[in-house]
Amino acid sequence: MTVRYRRVVVATATLILILVGVARSTRITAQATGTLGPPFTARVLAAALPEAAFDLRFFTGPVKTKPDGTIITGPGFTGPRNLVGAEKAGQRAGVDRFTKIMFGVGYFDGRPNPGDRIDPNNPIVESGGEHWPHVKQPMRSWPNSVALTPDGAKLYVSLPGREGYPDWRVAVVDTALRRVTRWVDLRPAGQTRGTRPLGIAVSPLNAAIFPRPYAVVVNEYANFATVLDTKDDSVLGNFATDFYAEDLVFNANGTRLYTTDRFKDEVRAFRIDSGPTFTQIAEIPSGGSELDRTNPRDLAISADGNTLYVANTLGHTIGVINIAGDANTLVKTMPVGGLSTDVKVAGRWGIVSGHETNTVLNGTESGHGLPKIVNGAAIRNDGTELGYLPVMSDATRATTFDDLGTELNVFDTATNMFVFRYVDFERDRSMLARPGLFTDLGDHTAAQKIIRGSGAEQITVRGDFLFVSQLHSDKVEVFRINQAPANASGILTPAGFEFTGGITPQGIAVSPDGQTIYVANMQTEDVSFLGVDGNGALTRQDHLAVGVTDSTPDPVKGGNGDHLFATHEEVGLRWLFTQSYSDDGQKSCGHCHWQSRHDGGAWNVGGNAIGGPKAVPQNKDISDNWPEWFEGLSTDMNSYASSCNGELVVAERLTALFPQPALADRLKARDAFVRQKTAENSRAIGRPELSGDAFSIGFYDMAFAQILWSQNETRLMPNPLRQFAGDADAALVARGKDLFTKEVDQGGAGCASCHHNGNKVTNGQVDDTFQDFNIHEPGVVAETTVSNEGPFTRLGDDYFFKAFDPPQDLGGRQNISSRNTKHLRAFWDSVPRWLNHGLAHSIREILLAPDSPLLRPGERGFNFRTVRDDAQRATAHDFLGGKRIVLPVEVPITAADSSGAFAGDGKGPLFVSLDPPTPLEPAPAQTAAYPEGRLLVDRLGTANLAPLIVGGQINPELATHHVVVIKETHGKTSQLSAADIDALSAYLKSLQK
C-alpha cells in the first residue's frame with residue numbers, strides 16, 4: 001500500500017467521523033399490524049452497538065532483539081534474532097500469571113516503539129499511529145432471500161442489512177416490468193429498530209385458509225414473523241416466532257409452517273388455520289448434541305411430506321425430523337462433515353450444498369486439512385509417512401488449505417443415508433505436495449469432480465434441474481438431476497454456468513415456467529435475471545437494484561444512498577469472498593470465514609504442524625481485540641498477508657505457479673498475479689461500479705483492505721438473553737456474572753481478571769472487551785502434542801510487516817505455550833469447538849477440571865495444565881533486563897478418537913505425554929529459539945502416552961513419570977456447585993458487548 005493511499009484512508013475516516021453528527025435520520029412510517037395467532041408482546045432487539053471506543057482500538061505486540069540486546073524496530077537487520085520473553089503479571093484467578101513483554105506497535109506494519117512498553121495490568125497506548133478509528137459506512141441492505149408468487153408475477157426480496165445496522169424492509173419486484181413496486185416496512189407501528197428480515201416464503205394456495213397465496217417473512221432481530229398479502233403487499237399481521245428465526249418452509253397444502261431458530265438451535269412447528277392464523281405446536285431440537293445442531297437455517301420436506309430436513313450450517317449435519325401426523329420428533333442426525341449451507345429435496349434425492357467435508361461419507365466428522373490414515377499410519381500429502389501421531393485426521397490426502405473446496409452431497413430420502421459426494425474440479429490438484437509441481441492427490445474420482453463454481457450457498461430445484469448460487473464465483477451453476485441413474489455418480493450432471501452480473505449471490509429462485517432465474521446479490525444490492533434454456537444453459541439478461549444504492553432509497557438518511565464500493569472498507573469486502581485471485585481459482589477467505597464469520601470446523605492451518613487442529617476464529621469483533629490469532633502474533637493490519645492470505649495464493653514456498661528461485665521474485669510475481677486475476681474477474685462481471693481498487697488490486701493492498709473491512713465494525717449479534725430475559729433467567733445470569741467477576745478470594749471464579757467485563761479501565765476507557773490485551777506465557781490450558789510449529793512459525797524473521805520482505809513470524813514454538821486471551825462477546829453465537837484447539841464441546845468442558853464430579857458422561861474437563869516437576873526452562877533468551885523467567889517444562893496432551901483409538905475425531909479421552917525432558921537428538925530446525933535446546937517432551941506427535949483420567953481420578957501413573965496436573969488454571973471452579981456452573985454458563989450465553 002502506498003503512503004498516499006494510507007493518507008487518503010485516514011483522511012476519509014476523519015472526515016466521515018466529523019460528518020456523522022450532521023446526518024439526520026428520515027424513517028419510513030411503520031405500518032399498524034394485527035396479531036395472527038395467540039397474543040404476544042412484539043419486541044425488536046437493539047443492535048449490538050456502540051462500536052468499539054477509539055482508545056481501545058489500539059495495537060500492541062511482542063519484540064525481538066539483536067545480539068547486543070537492542071530491540072529490532074524495522075527491516076534491514078540480517079543477524080540472529082532473540083525472542084523476548086515474559087514478565088510477571090501478578091495473580092489472577094488464584095494463579096500467578098506471566099505475560100509476554102509487549103510494546104505499542106504501528107497499526108500498518110507492527111513496528112514497535114521501544115519507548116512505549118506496555119504494563120500488562122494497565123495498558124496505555126497514546127500514539128495515533130498505534131490506533132485505527134471506526135469509519136462509518138453507508139447504509140446497505142444486503143439482499144438475501146427471494147421468493148416468487150406461484151404465478152411468477154412478483155418476487156419478494158428480504159433486505160436484512162448489516163449486523164450492527166439492520167434494515168427492516170422487503171423489496172417487491174414486478175417480474176414482468178423488472179422494477180421495484182414497493183419497499184415494505186415490516187416494523188410494527190411505533191417501532192424504530194430494524195427487524196433484520198431474513199427468510200421469506202410464499203404459501204401454497206389453500207382457499208380454506210386465505211383466498212390467495214401470502215408471504216411470510218421471518219425477522220432475525222424480532223420475535224415475530226410478518227405476513228404479507230400478495231395482492232397489494234400490505235402487512236396482514238404478525239405472529240410470534242421468538243428471535244432469530246432464519247428460514248421457513250410450508251408443507252404442501254399450506255396447513256403447517258416450520259421455522260429454524262438460530263438462538264435456541266431448534267425448529268418450531270406451527271399449525272395454520274383460517275385467517276391465516278399461526279399457532280406453535282412444537283419446538284424440536286435440530287440435532288442430537290449441542291455441536292450437531294449449531295445454527296440451523298435451511299429446511300426442506302420430503303416428497304411424501306412425512307420428513308423435514310434441517311441444514312445445521314455450523315453443526316455440519318442434517319437433522320431428520322418426523323413430521324407425519326405432527327409427530328415432530330428428531331429421529332436422526334445425518335453427518336455431513338462440513339459447512340451445510342442449504343438442503344433441498346428433488347424427488348427421491350436430498351441434496352446438501354456446502355463446503356469441504358473431508359470425511360468418509362456417512363462417517364463421523366473428524367477435522368479438516370489434517371493427514372489421512374493409511375494402513376494404520378498417518379501420511380503426508382506427498383504420500384510419505386508423517387512420522388508422528390497426529391491429534392486428529394481426516395479422509396483426504398490433502399492437507400491445510402488444499403482441503404478447501406465446494407461440495408454437493410446427495411442422500412436417499414428412503415434411507416436417509418448419503419449416497420454420493422460431488423466436489424469441485426480442482427479439489428485434488430495440489431501445488432503444495434511437491435515443490436514446483438502439480439500433484440493429483442487422488443482423493444476423489446473423476447465422476448465426483450464436476451463442480452466448476454466455488455462457495456455453494458443456496459440451491460433450488462425446478463423440474464429436473466438443480467440451480468446453485470456460487471457465492472465465491474459470483475455465478476449460478478446448473479446441474480441436471482437423474483432420478484434413476486445407473487449408479488449414484490450419475491445423479492447430477494453439469495449443465496449451465498454463468499456470472500450473475502452481481503457480486504456475492506445468495507438467494508435463488510426459478511420462474512414457474514423454468515425459463516428465468518432470479519438471484520439476490522449481497523454486495524451489489526441487486527437482483528440478477530438470467531435466462532435458462534431446455535438444456536440448462538444460462539444467459540445473462542439484466543439486474544435491478546433492490547437495496548440501498550445511489551439509484552435507490554436510503555431508509556435511514558432519506559433520498560438515495562451511496563454508490564457501491566464507496567469506502568475502502570467496502571472495497572475490502574469486495575475481495576473477501578472471491579476466489580478469483582487464489583492460486584487454484586477455487587479457494588476463498590469465505591471457505592473458512594463463511595458469512596465473514598467462520599465455518600464451524602476444526603482446521604489444520606498454518607499455525608500448527610500437520611496433524612494439529614485449530615478452531616476457526618470468527619472474522620468479526622476484531623476492532624478492540626488486537627493482537628489477533630491464538631498466538632497473539634498477528635499484531636498489525638497487514639499481518640494476514642503473512643498468514644491466511646498467503647496460503648490462498650502460496651508464494652512463500654516454491655510452487656508450480658511461482659517457480660522463481662528467489663523469494664522476493666516470487667512475492668513480486670504473486671502481487672502481479674493477484675492484480676491480473678482481480679482485473680479479469682471484474683471484466684467478466686462487467687459492472688461500471690467496479691473501478692480503482694474495486695476493479696483490480698495487488699496482493700498487499702488487498703490484504704490490508706480486507707482487514708479494513710473485518711476490523712471496522714464489531715458485527716456482533718444482539719442477544720435476547722441480554723435484552724429480554726425473563727425474571728428467572730435474569731436472576732441466573734446475575735448470579736453467573738457475580739461468580740465470573742469476583743476474584744477467587746471473594747468466592748468467585750476470577751474469570752474477569754483476564755476476560756474484562758467492564759470491571760477494569762484500560763487506556764482511559766471502561767474495558768468490556770472480555771480479554772486483557774496480553775499474550776500469556778505460558779498459556780492457561782494444556783497444549784496438544786501438535787499445537788504449533790507450522791508454516792507461520794518463522795523464528796528467524798521479524799514480527800512486523802514490509803511488502804515483498806519475508807513474511808512476518810506469526811507462529812508459536814512447540815511445547816512453549818504463548819496464547820492471547822480469547823474474547824467472549826457474543827459467546828452464544830459461537831460453535832462448540834472451544835479453546836484454541838477446538839476440542840472442548842461444552843461449557844462445562846471449558847470450566848471444569850478433568851476430575852470434576854460435575855462433568856457429564858463423555859465430557860472431558862480442560863481447566864488444567866500439565867508440567868514436569870523434575871525440569872525447568874526459560875521461555876526466551878532476552879527479558880530486556882528484567883528477571884529471567886524460568887518455569888516448569890510443559891507437558892503436551894492429545895485426545896483419542898470417540899472409538900478409543902488415536903488420530904481420529906478428537907472426542908475421546910485425554911492422554912498425556914510421558915516423554916522425559918532429555919535433549920532431543922538430532923536437534924530439529926529453529927532450535928536456537930529454545931534457550932535450553934529442544935527436549936524429547938517437545939517432539940511433535942508423541943505416541944508415548946498415558947490416560948489423564950483413570951476411574952474418574954487423575955491417573956497416578958503420571959506422578960511416577962514426574963508429570964503434575966495443575967488444575968483450575970483458567971478460573972477456579974472446584975468450589976462451585978452444579979447450580980453455580982449453570983449460572984456461569986448462562987452468563988456466558990448472555991454476553992453481547
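Pro627 lies in the loop between strand S43 (614-615) and helix H4 (644-648). In this predicted model, a cis peptide bond joins Trp626 and Pro627. The omega angle there is about 0°. A second cis peptide bond links Glu777 to Pro778, with omega of about 10°. Pro778 also sits in a loop, between strand S46 (775-776) and strand S47 (819-820). Most peptide bonds are trans.

Backbone phi angles were examined next. Most residues other than glycine have a negative phi. Tyr244 has a positive phi of about 65° although it is not a glycine. The residue lies in the loop between strand S16 (235-240) and strand S17 (245-250). Its relative accessible area is 0%, so Tyr244 is buried. Asn295 is not a glycine either, and its phi is positive, near 55°. Asn295 is found in the loop between strand S20 (277-285) and strand S21 (296-301). With a relative accessible area of 4%, Asn295 is buried.

A further loop residue, Asp915, was examined for its surroundings. Asp915 lies between strand S51 (910-913) and strand S52 (945-947). Because its relative accessibility is 2%, Asp915 counts as buried, the cut-off being under 20%. Beyond its neighbours within four places in sequence, Asp915 is in contact with two arginines, Arg868 and Arg939. The other contacts of Asp915 are Leu936, Val937, Thr942 and Asn944.

Among the sheets, an open one of 4 strands was traced. Its order is S9-S10-S11-S12, and the pairing is antiparallel. Strand S9 (146-148) and strand S12 (179-185) stand at the edges. Each has a single partner strand, so one side of each is left without a neighbour in the sheet. The twist averages 25° from one strand to the next. Within this sheet, strand S10 (residues 154-162) and strand S11 (residues 165-174) run antiparallel and are joined by 8 bridges. Val157 stands opposite Ala171 in S11.

Helix H6 was also characterised. H6 spans residues 699-712 and has 14 residues. From its first C-alpha to its last, H6 reaches 20 Å. This is close to the 20 Å expected at 1.5 Å a residue. H6 is mostly covered, with 14 of its 14 residues buried.

Key. Residues numbered from 1 in each chain as written. Predicted model: local features only at pLDDT ≥ 70, side-chain atom pairs only at ≥ 80, totals over all residues. Heavy atoms only, no water. Helix = DSSP H or I, 4+ residues; strand = E, 2+ residues; numbered from the N terminus. Expected span 1.5 Å × (residues − 1). Buried < 20%, exposed > 50% of the residue type's maximum accessible area, 1.4 Å probe, protein only. Contact = heavy atoms within 4.5 Å. Pairing = 2+ DSSP bridges. Axes fitted to C-alpha atoms, helices over the stretch in contact; angles between N-to-C directions.
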